[in-house]
Amino acid sequence: MKKIFNSLLNTIKKTAAFIAKVAKKYFNLFTKEAKKIGQKLYPTWLKIKKSDSTTAILGALLAIVIGLTVGILLMIVINPSGSLIGIGRLLRGFYNEPKGALIGFGEMLAQATPIIFTGLAIAFAFKTGLFNIGASGQFTVGLFVAALIGILGDKLGSFQWIVAVLGGMAGGFLWGFIPGFFKAKYNVHEVITSIMFNYIALYVVNGLLKSPFLKTQVVNGATNRTVAVDQAARTSYGFFDTLLPNSGLDISIFIAIGTAIILYIVLNKTVFGRELKGVGLNRHASKYAGVNENKSIMLSMGISGMIAGLGGALLILAPNVYNLGTPYSIENTIMTQGFDGIPVALLASSNPIGVVFSTLFVSYIKSAGEAMQSAGFVLEIVEIIIAIILYFSAFALIMTQNLGNIKKLFNRFKKKKKDSDETNNLEVKAGEN
Amino acid sequence: MQNIIEMRNITKQFPGIKANDSVNFELRKGEIHALLGENGAGKSTLMSILFGIYLPTSGQIFKNGSPISIESPNDANEFGIGMVHQHFKLVEVFTILDNIIMGVEPNKAGFIKRNQAKKEIKELCKLYDLSVDLDSRVQDVSVNMQQRTEILKMLYRHNDILIFDEPTAVLTPQEIEQLMNTMMYLKKEGKSIIFITHKLDEIMQVCDRVTVLRRGKVIGTVETKNTTKEDLSRMMVGRDVIFNIEKKPQQLGDVVLEVNNLTVVSERTKKNVVDNVSFRVRQGEIVCIAGVDGNGQSELGLVLSGLIKANDGQIILDNNDVTHKSIRFRNDNGMSHIPEDRHKHGLILDDSLANNLALKKYHLNPFQKHGFIQKKSIVDLARNLIEGFDVRSGEGYKSKAKNLSGGNQQKAIIAREINKNSSLLLSIQTVRGLDVGAVEFAHNKIIAERDKGKAVLMISFELDEVMNVSDRILVMYEGRIVKNVLTKDIDVEELGLYMAGVKEDIVYPDKLSEPKQKEEANNEKNI
């Protein structure tokens, strides 16, 4: 028995030693290459003014490069024969669109718009120290309120659109405000309440849509979807129907960009934003400084919800590709836009302007999804690559912040080697004497 | 005697600041060597280099004459160097035994041999007279025992060079005595000790030699027996430090703060932690609330500043009844407050120094216009305060507050609060963690406020501070004020009796009308 155990142990040891040897070899090779690249890039790095935002941007870019590289390696492993076509299609993004790149571009922007809103909602909450994971619920409620006004409020005439948008914002505000209230008054963690509020929003909205009155007025029984909103309530195409026709893109992309700019100004330039951020950084010190920290938490969550709600409202009010409106289908699954907002907010280090760009990037990659399917990959390969990029964005931020130290470490290694060589020489000489 | 550790020409450059500037430090075998210096003088940095937390920019470390390179705490450990940090590095939910053996568990095929470890540790305990309860969880034992756990951690790893980073800051006088004894035991067994402290008395008591650092440079190394407290403080600060402060005769003015029958009920124990307290503070006087920690002073400070609510009674500030007013109202209407907990309340650690210096002002003109922050005004304010109060930091007003040393953080808070120019300065544990030079500086600033006609209410647990700075003392015991006396009319011994609850002059009986008369009488006497 003992013999068998020992031999087993020995084999394990031998294999482990072998793996370690191989790993070491490749690790050395890798560090050597990394060192070469690092030494080339270091002088440029020194020249760059290192503020927080440049670090964040460089971190995100580095993450994207590393993430794409790993993703491509993964694609080669999964499907060696189709990998070359797959990689090409991945990098081409919306250019894959068979109806033409312009339509592809418009579609990509249209799909990115709601995610910009939820990303902004989550980023805003992050900046004020809160993790609003309930953007989906707020999005759904905003969408629902806007749908009701858009379908039933035909008496509003030309005001129907703006009332529907404001109604959606109010609905989202309320849905964010409630978890904020529990956080402020009873210290219930906002992650738990806001997750629960996703489900509450989903089932309450679906329940209400099945109620006798709404069922006949708002829902199309045959498709189990809401009917399209009135013409007057639909978002304007702006100049996109001539510029990017048939792509479904409307002016809500501008509203999204405008929201990002407003949020950036509020957070960085105003007393109000300073106070919200202060509460996020240190709730107690903000209270001590005279900020009503409970009010701040409730408002932060409310505003975050309001942005998500705005996204929901603009989604349902969108005229869509065939100018038929975008219906909501009554299903028992949470709307994914709320969760798609989390990675884009993280990739942008919660900077509102950054959220616009990170969302566009993610949407670009995602728009390649269908084309890659025909190259023999599953649709989810895109999700995997985005997840990898997200993981690396956390590493990359740390790496860019410590690049100086890494360089120093290399220098020390070199120096140490020299030192030890010199001492060896000295010893030899001493021996000779 | 032989040098066990030599640090030669150690320089450590941080962004914007040279924390150590070609420092030479020698530790002999079997000595207790004190490392003394002002806040931010570079003591902690030097020890962090020795312990492998930082890599030096240049310089070399020698052990027993041969050069060594320490790149991580694990390396330090291999060279026999151990450290007790100011904030302990223990796993709260592990038992003391598991904490001690963590990382060096005696094991057989991966299974921990706890009994063997226990036996070894018990022998160590016996040898050095350290008593710990090995099976208790760290979170359940006293700070004192946690510190002994840290010491045992070093001993269990057979470290013979022991670094103590301000170990006495968290201990009571009796516990300090005990620690000093332990250090003497360790020395007798041949261990070499580096002892970082601000407290000159402790150095004179146990140390063999002292190395003094100032602004990152070594000022000198002296034998304790050939030096005095005054000499050491001069070396440390670079000038004579006056331990007894001269004050101008006081000019009393109007009542600024009036507290009537203030009561705070503890949520946990349902007891009155502040019990029917009444007093007044006038312009031009420093009133100090003295007492042993935990007699309701902290709660009194919190309720006056508005951080907790009063259950009963009245607070009148500049003829405004602020009892139920918000903190911002108090801040904007005559209250400055140096808080007890500087990390929790005093600063937003992750924010810049400039924003922290403007923490109570950014909502006022000229720091905002129409709701927009005026960055330039804030930066100007910060520059002025940093210069006027000598707040040292790596990157000036842009530094994150968390990157300042503790003393400089406190200076920043003092600067902010004095700059507010309020009629009342409420200052709680003003000088905790400050070196003698900074203490003197802070006290002078506070006395200058009094001379300008401000009312100052201090809460302090340190008798030296109480006796040196205040004009009038209120002694607090179990939530009540048991003595109201002019500082010149009382000595430390008598004060101690009141603080311990042995003696009591009930200043204010229950009826509201009487304390006013008595207070008036008192104040007349004061004038």
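The paragraphs below lead through a predicted model with chains A and B, from confidence to domains, the contact between the chains, and selected helices.

Confidence in chain A averages a pLDDT of 84, and 88% of its residues score at least 70. Residues 426–433 of chain A have a pLDDT below 50, and this stretch makes zero contacts in the model beyond near neighbours in sequence.

Chain B is assigned three domains: domain 1 covers 3–237, domain 2 is made of two segments, 242–334 and 422–527, and domain 3 covers 343–421. The C-alpha centres of domain 1 of chain B and domain 2 of chain B are 38 Å apart, and the contact between these domains takes six residues from domain 1 of chain B and five residues from domain 2 of chain B. On the side of domain 1 of chain B that touches domain 2 of chain B, the residues divide into two nonpolar, three polar and one charged.

Turning to the contact between the chains, 24 residues of chain B are in contact with 17 residues of chain A. On the side of chain B that touches chain A, the elements giving two or more residues are α10 (327–332), α11 (342–346) and β20 (372–373) of chain B. By class, that side of chain B has 11 nonpolar, eight polar and five charged residues.

Within chain A, helix α6 (residues 160–186) and helix α7 (residues 190–209) have axes that come within 9 Å and cross at roughly 145 degrees, and the crossing of α6(A) with α7(A) is right-handed. From α6(A) the contact is made by W175(A), I178(A), P179(A), G180(A), F182(A) and K183(A), and from α7(A) by E190(A), T193(A), S194(A), F197(A) and A201(A). The residues of this contact divide into six nonpolar, three polar and two charged. On helices in general, an α-helix has 3.6 residues a turn, so residues three or four places apart point the same way.

A last helix to consider is α9 of chain B, which spans residues 297–305. Where do the residues of α9(B) stand, buried or exposed? Q297(B), E299(B), L300(B), G301(B), L302(B), V303(B), L304(B) and S305(B) are buried, each therefore having 20 or more other C-beta atoms within 10 Å of its own. Because eight of the nine residues of α9(B) are buried, this helix is largely enclosed by the rest of the structure. Just after α9(B), G306(B) takes a positive phi of about 95 degrees.

How values were computed:
Residues are numbered from 1 along each chain as its sequence is written. Chains are lettered from A and ligands numbered from 1 in the order in which they are written. This is a predicted model: local features need pLDDT of at least 70, side-chain atom pairs count only at pLDDT 80 or more; totals for chains, interfaces and linings use all residues. A residue is buried if 20 or more other C-beta atoms lie within 10 Å of its own, exposed if 12 or fewer, and partly exposed in between; C-beta atoms are placed from the backbone. Helices (H or I, at least four residues) and strands (E, at least two) are DSSP runs, numbered from the N terminus. Axes are lines fitted to C-alpha atoms, for helices over the stretch in contact, and angles run from 0 to 180 degrees between N-to-C directions. A crossing is left-handed if the near helix is turned anticlockwise from the far one by less than a right angle, and right-handed if clockwise. Two residues are in contact if their C-beta atoms, placed from the backbone, lie within 7 Å. Ala, Val, Leu, Ile, Met, Phe, Trp, Tyr, Cys and Pro count as nonpolar, Asp, Glu, Lys and Arg as charged, and the others, Gly among them, as polar. pLDDT is the predictor's confidence in each residue, from 0 to 100. Domain bounds come from an automatic or database domain assignment.
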